[in-house]
Amino acid sequence: MLQIALPNKGALSEGAATLASEAGYHCSRRGRELSVRDTDHGVEFVFLRPRDIATYVSKGIIDLGVTGLDLLHDSGADVTQVMPLEFGKARFCYAVPKEQDITPDDFTADTRIATSYVNVVQRDLEQRGIDATVVPLDGAVEISIQLGVADAIADVVQTGRTIDEAGLKVIGDPIIASQAMLVAQNGTVADHEAARHFQERIKGILMARSYIMVEYDLPTSKLDAAHTITPGIESPTVSPLSKDGWVAVKAMAKQSRVNEIMDDLTDIGAKGIIITDIRTCRI
Ligand SMILES: Nc1ncnc2c1ncn2[C@@H]1O[C@H](COP(=O)(O)OP(=O)(O)OP(=O)(O)O)[C@@H](O)[C@H]1O
Ligand SMILES: O=P(O)(O)OC[C@H]1O[C@H](OP(=O)(O)OP(=O)(O)O)[C@H](O)[C@@H]1O
Ligand SMILES: [Mg+2]
């Protein structure tokens, strides 16, 4: 049976479970079960700390898993990054008290940097050629400067509210632009049919989330412009309408362009423009 690890709690757990269940898998926990079997698909979902998932996968104990890119880098585990999952997006950054006007390259051997991602920070400092001291902490890293154990921190920033409230500001470029990642033991996806199906279904859900379906009525004379505005995947579907000189057009389009497309279609005289979400798709 294929074993897939999902985060048992924290920032990535809900997004991972939603993705798997939208892909048709049974992975919902009624309570605090450590694993859930989906016998129809020959899959067992195992709920683990996201920080540990890459390690289990790299050792071949678990076949596939969902973790954060920053956690993966920190673990140093040797796994295949199957695909980014487009949720759990956050930046892993250095931060210092707001009044300090420095960059990470100004850190010195005397700078103490608190973090829960010791390996990522140590590697970054090595690359910068800085011999600063890393202070390992389990969480609540932002308060460590105020408590006197650190001069700077390196931590996950999403909205930026936590560092702002702690009187800190981000300095330098993000060390990692992180998001949830599907990881596999090297070779697993190619060798295992159930793993391939899981990957394809997840890809379908992600694709569907990034596309919409556009339908509208249009004077036939405007079809060339319609092709440019909504080219679809191969080409738009064009069907006759019972009203002479008019056609119905249907095409998939990028979700991110939805409002621009509506404006452009209105400008060329389209009527009855309808946008619908796509549940899943394969292109
Ligand atoms: N607002 C956020 N806060 C923390 N992590 C986030 C956030 N948004 C996305 N992430 C991502 O989620 C992962 C961290 O997950 P999680 O919160 O479970 O870890 P943790 O902070 O170590 O655990 P916990 O808070 O339960 O002790 C990282 O990959 C991180 O980039
Ligand atoms: O930029 P923001 O939207 O404010 O989010 C980032 C904060 O959220 C997380 O903390 P969490 O609640 O997981 O606590 P922890 O630090 O103890 O892990 C993370 O470690 C940051 O502190
Ligand atoms: Mg946390």
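Of the 283 residues of the protein chain, 37% count as buried, a residue being buried if 20 or more other C-beta atoms, placed from the backbone, lie within 10 Å of its own. This is a predicted model, in which local features need pLDDT of at least 70, side-chain atom pairs count only at pLDDT 80 or more, and totals for chains, interfaces and linings use all residues. Residues are numbered from 1 along each chain as its sequence is written, while chains are lettered from A and ligands numbered from 1 in the order in which they are written.

Begin with the whole protein chain, which contains nine helices and 15 strands (DSSP runs of H or I, at least four residues, and of E, at least two, numbered from the N terminus). Its C-alpha trace spans about 80 × 50 × 35 Å along the principal axes.

Next, select residues 180-184, strand β11, where five of five residues are buried. On one side lie A180, L182 and A184, and on the other M181 and V183.

Add residues 64-68, strand β4, which pairs with β11 in the antiparallel sense over five bridges (pairing requires at least two DSSP bridges). Here G68 stands opposite A180. Then add β5, residues 80-84, which is also antiparallel to β11, over four bridges; M83 has L182 as its bridge partner.

Finally, select ligand 2, whose surrounding residues include G139, E142, D155 and R161. A residue is near a molecule if its C-beta atom, placed from the backbone, lies within 6 Å of it. Strand β9 (152-157) and helix α5 (161-165) each supply at least two residues of this shell, and the largest share, three residues, comes from β9.

Key
Buried ≥ 20, exposed ≤ 12 C-beta atoms within 10 Å, placed from the backbone.
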